[in-house]
Amino acid sequence: GYNLLERFSEILLTRLQRGEPVEIFLKGYTSPRAQSDYNLKLSQRRISSVRNHFATWQRGIFSRYLENEQLKISEKPFGETAADRVVSDKLTDPNSIYSPAAMRERRVEIVEVR
């Protein structure tokens, strides 16, 4: 996903340089392994990582757009609430960490750009 994020950032910069206002909607997810409140905070930290990407990309080129709100980043942390039901939440189940389904739940998505 990193290469796609880099390409997205290049396209985003082009739009901002043309004067277009842009709002990005991020959703953060976790697997159900830990407690719900922990997972919600974890999904928020994952969103913060993507937000930090935009704040620091190419020596902070997006900073001025974020400051003047030409670029807005909206977020929705889901924690485990949207996790696939096939992913185990049992701490003793190694599939709750290592299964492909569990790994796919640990992500942030750019779900909409306006």
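This passage describes the fold, the packing of helices α1 and α2, and two backbone exceptions in a predicted model.

The secondary structure of the protein consists of 5 helices and 3 strands. Along the sequence, these elements are arranged in the pattern α-β-α-α-β-α-α-β. Of the 114 residues, 35% are buried. The exposed surface of the protein amounts to about 7200 Å², of which carbon and sulfur atoms contribute 50%. Among contacts with a sequence separation of 6 or more, 75% are formed by residues 24 or more positions apart.

The confidence of the prediction was examined for the protein and for its elements. The mean pLDDT of the protein is 83, with 76% of the residues at 70 or more. Of the elements, α1 has the highest mean pLDDT, at 97, whereas helix α4, which spans residues 95-98, has the lowest, at 60.

Helix α1 covers residues 2-17 and includes F8. Beyond its neighbours within four places in sequence, F8 makes contact with I24, F54, I110 and V113. One of these partners, I110, is separated from F8 by 102 residues in sequence, while the C-alpha atoms of the two residues are 9.8 Å apart in space.

F8 also takes part in the contact of α1 with α2. Helix α2 comprises residues 36-60, and its axis lies 11 Å from that of α1, at an angle of about 80 degrees. Angles of 65 to 115 degrees count as roughly perpendicular, and α1 and α2 are therefore roughly perpendicular to each other. The residues of this contact are 6 nonpolar, 3 polar and 2 charged. On the α1 side, the contact is made by L5, E6, F8, S9, E10, L12 and L13, and on the α2 side by H53, F54, W57 and Q58.

Backbone geometry was then considered within α2. Most residues other than glycine have a negative phi. Q58 departs from this sign, with a positive phi near 45 degrees. Q58 belongs to helix α2 and is partly exposed, with a relative accessible area of 46%. R59, likewise a residue other than glycine, has a positive phi near 60 degrees. R59 is also located in helix α2. The relative accessibility of R59 is 85%, so R59 counts as exposed. Of these two residues, Q58 is listed among those of α2 that meet α1.

How values were computed. Residues are numbered from 1 along each chain as its sequence is written. This is a predicted model: local features need pLDDT of at least 70, side-chain atom pairs count only at pLDDT 80 or more; totals for chains, interfaces and linings use all residues. Side-chain values use heavy atoms; hydrogens and water are left out. Helices (H or I, at least four residues) and strands (E, at least two) are DSSP runs, numbered from the N terminus. Buried means under 20% relative accessible area, exposed over 50%, partly exposed in between (1.4 Å probe, protein chains only). Contact means heavy atoms within 4.5 Å. Accessible areas come from the Shrake-Rupley method with a 1.4 Å probe; for residues, only the protein chains shown count as cover. Axes are lines fitted to C-alpha atoms, for helices over the stretch in contact, and angles run from 0 to 180 degrees between N-to-C directions. Angles under 35 degrees count as roughly parallel, over 145 as roughly antiparallel, 65 to 115 as roughly perpendicular and the rest as oblique. Ala, Val, Leu, Ile, Met, Phe, Trp, Tyr, Cys and Pro count as nonpolar, Asp, Glu, Lys and Arg as charged, and the others, Gly among them, as polar. pLDDT is the predictor's confidence in each residue, from 0 to 100.
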